[in-house]
Number of protein chains: 2
Amino acid sequence: MKISLTPQEIEKRLMDAGVQPTLQRIAICRYVLCEADHPTAEQVKDWAQQNLDKISQATVYNTMNALVDAGLLRALRLPHTEKVIYDDNIEDHHHFFDEETGRLYDLPEEQIDVRSKLPKKFKTNRVEVLFTGKVED
Amino acid sequence: MKISLTPQEIEKRLMDAGVQPTLQRIAICRYVLCEADHPTAEQVKDWAQQNLDKISQATVYNTMNALVDAGLLRALRLPHTEKVIYDDNIEDHHHFFDEETGRLYDLPEEQIDVRSKLPKKFKTNRVEVLFTGKVED
DNA sequence: GAACATATTTAGAATAGTTCTAAAGATATA
DNA sequence: TATATCTTTAGAACTATTCTAAATATGTTC
Ligand SMILES: [Mn+2]
Ligand SMILES: [Mn+2]
Ligand SMILES: [Zn+2]
Ligand SMILES: [Zn+2]
């Protein structure tokens, strides 16, 4: 499901998005774009501190914010935790939260059809659906 | 839209829910059940400190948690803020967030029809839709 | 490549929202 | 009234995140 990217490809993505490709940012992208599944900043920090010589918490947060601002990631805030969750799926899509495992699944937009009868004065820009339940093995 | 309740009615609701009806709790219920619209704990505290002789922040949080645990309120966590939002509408329902005003509107469950084609292993317990946009005057 | 400007990283302090602690006060029960 | 149980409280603690300001790295110009 996750894509595989060379450091060069990541570097290009960052440059194209107007983000200077530092060592720390490339490494974090490697994790969030190619490995992680809806990680929190804490998970990114844990991974980075194990896989890089040295990286500070501030850099992790700075990088996550830079990636969100550049449009390479989205920040999610969901009911089950107060931590921000980062999503490398930047398409419009929906989510399924497995309350047994805590895992979050992406649901492609076209799998969900939301029909609403809202009064005309409600002008909708975005619709997001969160399913909660469990996923059978 | 909001209901009007006498202190006696509030007292009964609390007792029925197994919550001892203290002065602080009755007052807070008066606000959250009869006046407020999706308030945060901070808004409840501000109201309470203006309208009661004296009340501590801890009591406001304790009370909000007690009311949620008793099923009289629901706690919402939405993308636009990191503060918990309290909802006196305990029915299943959806929300419309007006990004201009910051106001949150309840959408009755029956106004929204969500049709999903999820793989069979996804067993859904709850579906929540968040619309974002603006409400024309 | 030296000199300079600009951007990034960093440790640690600060902040925001909420919960915890433990002592004092209130309420219910006998 | 005595006693047990709950509730309230001030302030400390906690968690997630942001800020500060100094050090380091990177990009740019000659
Ligand atoms: Mn940001
Ligand atoms: Mn609780
Ligand atoms: Zn996603
Ligand atoms: Zn609501």
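Start your tour of this predicted model by selecting DNA strand D and the 19 residues around it; A:Lys83, A:Val84, B:Thr22, B:Arg25 and B:Thr59 come nearest.

Now colour those surrounding residues by class: you should find six nonpolar, nine polar and four charged. Next, show the secondary structure. Helix H4 (57–69) of chain A, along with helices H2 (23–34) and H4 (57–69) of chain B, each give at least two residues to this surface. H4(A) has the largest share, with four residues.

Which parts of DNA strand D lie within 4 Å of the protein? Of those atoms, 83% belong to sugar or phosphate, and the rest to bases. Zoom in on three side chains to see this backbone being approached:

- B:Thr59, with a side-chain N or O atom 2.6 Å from a phosphate oxygen of the strand
- B:Arg25, where a polar side-chain atom lies 2.8 Å from a phosphate oxygen
- A:Asn65, whose side chain has an N or O atom 3.2 Å from a phosphate oxygen

Now leave the DNA and select chains A and B. Here 34 residues of chain A are in contact with 34 residues of chain B, and the two chains bury about 3,300 Å² between them, 54% of it on carbon and sulfur atoms.

How many salt bridges are there between chain A and chain B? The count is three. One to select is A:Arg126 with B:Glu99, whose closest N and O atoms are 3.7 Å apart. On chain A's side of this interface, S6(A) supplies the largest share, 14 residues.

Finish on that strand: 13 bridges join S6(A) to strand S6 (residues 122–135) of chain B, and the two run antiparallel. Pick out A:Val127 and you will find B:Phe131 of S6(B) standing opposite.

How values were computed. Residues numbered from 1 in each chain as written. Chains lettered and ligands numbered in written order. Predicted model: local features only at pLDDT ≥ 70, side-chain atom pairs only at ≥ 80, totals over all residues. Heavy atoms only, no water. Near = heavy atom within 4 Å. Polar contact = N/O pair within 3.5 Å; in protein donor to acceptor, adjacent residues only side chain to side chain. Nonpolar A, V, L, I, M, F, W, Y, C, P; charged D, E, K, R; others polar. Contact = heavy atoms within 4.5 Å. Buried area = accessible area lost by both parts, 1.4 Å probe. Salt bridge = Lys/Arg side-chain N within 4 Å of Asp/Glu carboxyl O. Pairing = 2+ DSSP bridges.
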